[in-house]
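Visitor: I am new to this structure and would love a close look at a single part of it. Could you walk me through one stretch of the surface and the loop around it?

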Amino acid sequence: MPWLVPEGLLPTGEILMSPRSLEEVLKSAGNPVDMLRNSRIGAYVYPVVPSEFSNWRDEQRAWRETAVLFDQSHHMAELTVRGPDALRLMSWCTINSFRNFAPGKAKQMVPCSHDGFVIGDGILFFISEQELLFVGRAPSVNWIQFHAESGEFKVDVIRDDRSPSHPRGKAVHRRHYRFQIQGPNANKVLSRLHGGPLPEIRFFNFDTIRIAGRNVQALRHGMAGEPGLEVWGPYEQGEEVREAILAAGAEFGLVPVGSRAYASNTLESGWIPSPLPAVYTGESMRKYREWLPADSYEATGSIGGSFASSNIEDYYVTPYALGYGPFVKFDHEFAGRAALEKMEKAPQRKRVTFEWNGKDLAAIYSSLFDRDVQNGKFFDLPIANYASSNYDKVARDGKTVGLSMFGGYSFSERCGLSLGIVDPDVQIGDELTLVWGEENGGTKKSTVERHQQMNVRVRVSPVPYSTDARESYHAGWRTSQA
C-alpha cells in the first residue's frame with residue numbers, strides 16, 4: 001500500500017492523511033462517478049504545438065485536398081521495454097495476437113482489464129528481438145509499466161511522459177520527435193525529401209528513409225484517412241527535419257496543422273481516442289489501483305456528457321464495441337482473456353459515426369444570443385469535447401440505445417460529427433436523438449458553464465465517415481466493422 005503523508009489536523013486532533021493511491025482516492029470519494037463527473041482538472045490540452053498555423057478550417061481541408069504535417073511529438077507518452085521478456089510482457093498486456101509479429105512491424109495494441117473492458121490503446125513498434133516501443137495515452141502506459149514492475153518479467157522500461165500542458169516558458173524535451181505527413185500529395189512530398197522513390201513499406205510496417213541527410217524511421221499509416229507516413233527520430237533533430245518537410249512540401253500545398261484541428265481528424269477516420277479506463281472496480285484490479293498514484297490520469301480525469309449513471313461500470317466499454325473485435329485473438333494468454341471468451345458469445349454494441357442535424361446544432365448556437373432562454377452547452381469548434389472521457393446519451397423513443405463519445409465539426413463535410421457506440425439492432429441510416437448537455441444545469445467541472453440540455457437529431461452513419469478513409473484504409477484496420 002502506498003504510504004500516506006500528513007495533510008493537516010482534524011478537529012479531534014487526529015492527523016488527516018492525504019491519499020497517495022487511486023484506491024485511497026476512491027475510498028475517500030465514495031462514488032467514483034460523482035468524483036469523475038465533478039473533477040476540476042480543466043480542459044484537455046494538446047501541449048506545445050501552436051493552436052493554429054493558419055486557420056483550422058483550411059488545415060482540415062488540407063488533409064483531404066493536398067497534404068498536412070501533424071506534429072505528434074508532445075501529446076502522447078512513450079514506454080520503451082527492453083529485455084528477454086519484452087515480447088512476453090506485451091503479449092500478456094493486450095488482446096492482440098503476436099503471431100508473425102517481427103522487427104519492423106507495428107500494431108494497434110489494445111490492453112483490457114481482467115474483466116475484459118478496455119483500458120486504452122496505442123501503437124506498439126517492434127524495434128528488435130528484445131526491444132519494443134509503445135506510444136499512446138497514459139492509461140495504457142500505466143498498465144504496461146505496472147506489469148513490468150510487479151510481474152515476473154525480465155525487462156527494463158524507459159518512460160517518457162507527454163509534454164506538460166502548460167510549460168510556462170520552460171524548455172520541453174522528449175526522447176523522440178514524431179511527425180505525420182498525410183494527404184493525397186504526401187508521397188510526392190516524401191519522395192522529394194527522400195531524393196527518389198520511397199522504399200516499399202507495407203501497411204503498419206516501418207523502414208528507414210532519408211530526410212535532410214539523416215536516416216529517419218517511417219511507419220506506413222493513415223491517420224487522416226489519406227496515404228502517408230509517420231516519421232520519428234531523436235528529438236534533437238526534430239526542428240531540422242520539420243523545416244525540411246515544410247520546404248519540400250511547399251510546392252505540393254503541404255500545410256502544418258495546429259493542435260486545434262489535429263484531434264478532429266479522427267471524426268472522419270473513426271478512432272475513438274479516450275474511453276474511460278476500466279480500472280475503478282473489481283477485486284482483480286485492486287493491486288493496480290493501489291499502485292496508481294493519487295495524481296494519476298485515472299484519479300484526476302473527468303467524465304462529461306448527458307449520460308449519467310451512478311454505476312461506474314456503465315461507462316466501461318468492450319473491445320467489440322469500439323471496433324476492436326478482429327484484434328481479439330485467443331492464441332495467447334492475456335489479461336482479460338477468460339472474460340472476453342464469455343463476452344464474445346453475446347450480442348455486441350457496435351461503433352458508428354453520428355451525423356448531427358444542422359438545424360438542431362444551429363439551435364445550440366442561437367440559444368447563446370437569446371436573453372429570454374437558458375443557453376445550451378457550448379459546442380466548441382472544431383472539437384466539442386469538454387471532459388477526459390465523453391458520454392452523451394443517444395436515444396430512440398426515449399430509450400438509451402447508444403453513447404456519443406467524441407464529437408466536433410468537419411469543415412470538409414460541413415456538418416457536426418461524433419463517434420460512438422449503439423445497440424446491435426440500430427442500423428446505418430436510422431435517425432436517433434442525442435441529448436447535448438448535462439443534467440441539472442451541469443456538473444461542477446471547470447469546463448461546464450450553466451446551461452440547459454438540448455436534443456439533437458443524429459443520423460447513424462458508417463465508420464469511417466469519410467468515403468476516402470473507407471476506401472483507402474487497409475482492410476481489417478478500423479474499417480473491418482464499418
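Guide: Happily! Leu368, Phe369 and Phe378 come together as a nonpolar patch on the surface, and their accessible area adds up to about 330 Å². Patches take residues with over 30% relative accessible area and no salt bridge, joining like charges within 9 Å and nonpolar side chains (Val, Leu, Ile, Met, Phe, Trp, Tyr) within 5 Å. A salt bridge here is a side-chain nitrogen of Lys or Arg within 4 Å of a carboxyl oxygen of Asp or Glu. Accessible areas come from the Shrake-Rupley method with a 1.4 Å probe, and for residues only the protein chains shown count as cover.

This is a predicted model, where local features need pLDDT of at least 70 and side-chain atom pairs count only at pLDDT 80 or more, while totals for chains, interfaces and linings use all residues. Residues are numbered from 1 along each chain as its sequence is written, and side-chain values use heavy atoms, leaving out hydrogens and water.

Now look at Phe369, which sits in the loop between helix H13 (358-366) and strand E16 (389-390). Helices (H or I, at least four residues) and strands (E, at least two) are DSSP runs, numbered from the N terminus. Phe369 has a relative accessible area of 73%, so it counts as exposed (buried is under 20%, exposed over 50%, partly exposed in between, with a 1.4 Å probe and protein chains only).

Follow the loop between H13 and E16 and you will also meet Pro382. The peptide bond from Leu381 to Pro382 is cis, with omega near 0°. For context, most peptide bonds are trans.
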